[in-house]
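Me: I am new to this structure and would like a close look at a single part. Please take one helix and walk me through what surrounds it.

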Amino acid sequence: MLFFSGSGQELLSFELASYPLSVRADGLELALLVLSRSLSGMCCLYFLALTTPMIELFAVLKASRLPESLIELSMLIYRYIFVFLDMALSIRYAQTVRLGYSNFRRSIHSLGMLASTLFVRSWEQGDKLFLAMNSRCYDGKMTLFEVHRPVRAAELLLTSAYFLSALALFYFTKKHIHYLRNRS
């Protein structure tokens, strides 16, 4: 975006493999806008993921009427991320104890063995899960235990203050952004 979009004053220009690249003012503004939105979205997602228990997130997804198959798949993926991570760490530890990572060549060989063993074990784990779910008469729906707790006044007050400040920020910066766009 920085090199391929925008108009206005040219800020920087150079050639790369006989192809001219230039940074223009509007392209720089657009690139910074996309970068800031991406970083803020990632920060919000990390904040949500690191402060909210996954059970509550799944309950919110269910309450927002997402397809149940998507929620169940997300629950299984979340569960088995840690199972496979634990399995991979134990295999890697066993390889390290047996000097599997003593030089570069052995490291590459050990990493390949780790990946293949992890694939085989995860396949076997999936088969075991399928058999366990069938033996428990799985009908296509996993039960999700939801804990309904009342909203406290402090939480409501802080959330309202946050949304009001976000609206005020949007209102006051809207004029500034409109001014910057019409300036050029």
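Reply: The buried residues of α3 pack against two other helices, α2 (54–63) and α4 (104–135). Keep in mind that this is a predicted model.

Start with the helix itself. Helix α3 covers residues 68–97, which is 30 residues. At 1.5 Å a residue, it should span 44 Å. Its end C-alpha atoms are 44 Å apart, so the expected span and the model agree.

Which residues of α3 are buried? They are I71, E72, M75, Y80, V83, M87, A88, I91 and Q95. The spacing in that list has a simple background. An α-helix has 3.6 residues a turn, so residues three or four places apart point the same way.

Now the core. The largest nonpolar core has five residues: Y80, V83, M87, I91 and L114. Helix α3 gives the most to this core, with four residues. L114 is among the buried residues of α4.

Next, the aromatic rings. The structure holds five aromatic pairs. One of them joins F58 and Y78. The ring centres are 6.3 Å apart and the planes stand at 75 degrees, so this pair is edge-to-face. F58 lies in helix α2 and Y78 in helix α3, so the pair ties together parts that are 20 residues apart in sequence. How accessible are the two partners? F58 counts as buried, because its relative accessibility is 5%. Y78 counts as partly exposed, at 34% relative accessibility.

Y78 has a further partner, F82. This pair is also edge-to-face, with 5.1 Å from centre to centre and 85 degrees between the planes. Y78 and F82 are four residues apart in helix α3, so about one helical turn separates them. F82 counts as partly exposed, with a relative accessibility of 46%. Taken together, ring pairs link F58, Y78 and F82 into a cluster.

Two arginines also sit over rings. R79 lies over the face of Y80, 5.4 Å from the ring centre. That ring belongs to a residue of the largest nonpolar core, since Y80 is listed there. The charged end of R92 sits over the ring of Y101, at 4.3 Å from its centre.

Then comes the end of the helix. L99 follows α3. It is found in the loop between α3 and α4. What is unusual about its backbone? Most residues other than glycine have a negative phi. L99 is not a glycine, yet its phi is positive, about 60 degrees. L99 is also exposed, with a relative accessible area of 53%.

S18 offers a second case of this kind. Its phi is positive too, near 60 degrees, and S18 is a residue other than glycine. S18 is placed in the loop between β1 (10–16) and β2 (19–24). Its relative accessible area is 66%, so S18 is exposed.

Past the loop that holds L99 lies α4. This helix has 32 residues, and at 1.5 Å a residue it should span 46 Å. Its end C-alpha atoms are 46 Å apart, so here too the span agrees. The buried residues of α4 are S107, S110, L114 and M133. What covers them includes α3.

M133 deserves a word. It is placed in helix α4. At 19% relative accessibility M133 counts as buried, because the limit is under 20%. M133 and Q9 are 64 Å apart in space, C-alpha to C-alpha. In sequence, 124 residues separate M133 and Q9.

One more contact completes the tour. How many salt bridges does the structure hold? It holds one. The side chains of R152 and E155 meet in it, at 3.2 Å from N to O. R152 is exposed, with a relative accessible area of 54%. E155 counts as partly exposed, at 24% relative accessibility.

Back to α3 for a recap. Its buried residues pack against α2 and α4. Four of its residues belong to the largest nonpolar core. The pair of F58 and Y78 connects helix α2 with helix α3. After α3 comes L99, with its positive phi.

Notes:
Residues numbered from 1 in each chain as written. Predicted model: local features only at pLDDT ≥ 70, side-chain atom pairs only at ≥ 80, totals over all residues. Heavy atoms only, no water. Expected span 1.5 Å × (residues − 1). Buried < 20%, exposed > 50% of the residue type's maximum accessible area, 1.4 Å probe, protein only. Contact = heavy atoms within 4.5 Å. Core = buried A, V, L, I, M, F, W, Y, C linked by side-chain atoms within 4.5 Å. Salt bridge = Lys/Arg side-chain N within 4 Å of Asp/Glu carboxyl O. Phe/Tyr/Trp six-rings, centres within 6.5 Å; stacked < 30°, edge-to-face > 60°. Lys NZ or Arg CZ within 6 Å of the ring centre and 35° of its normal.
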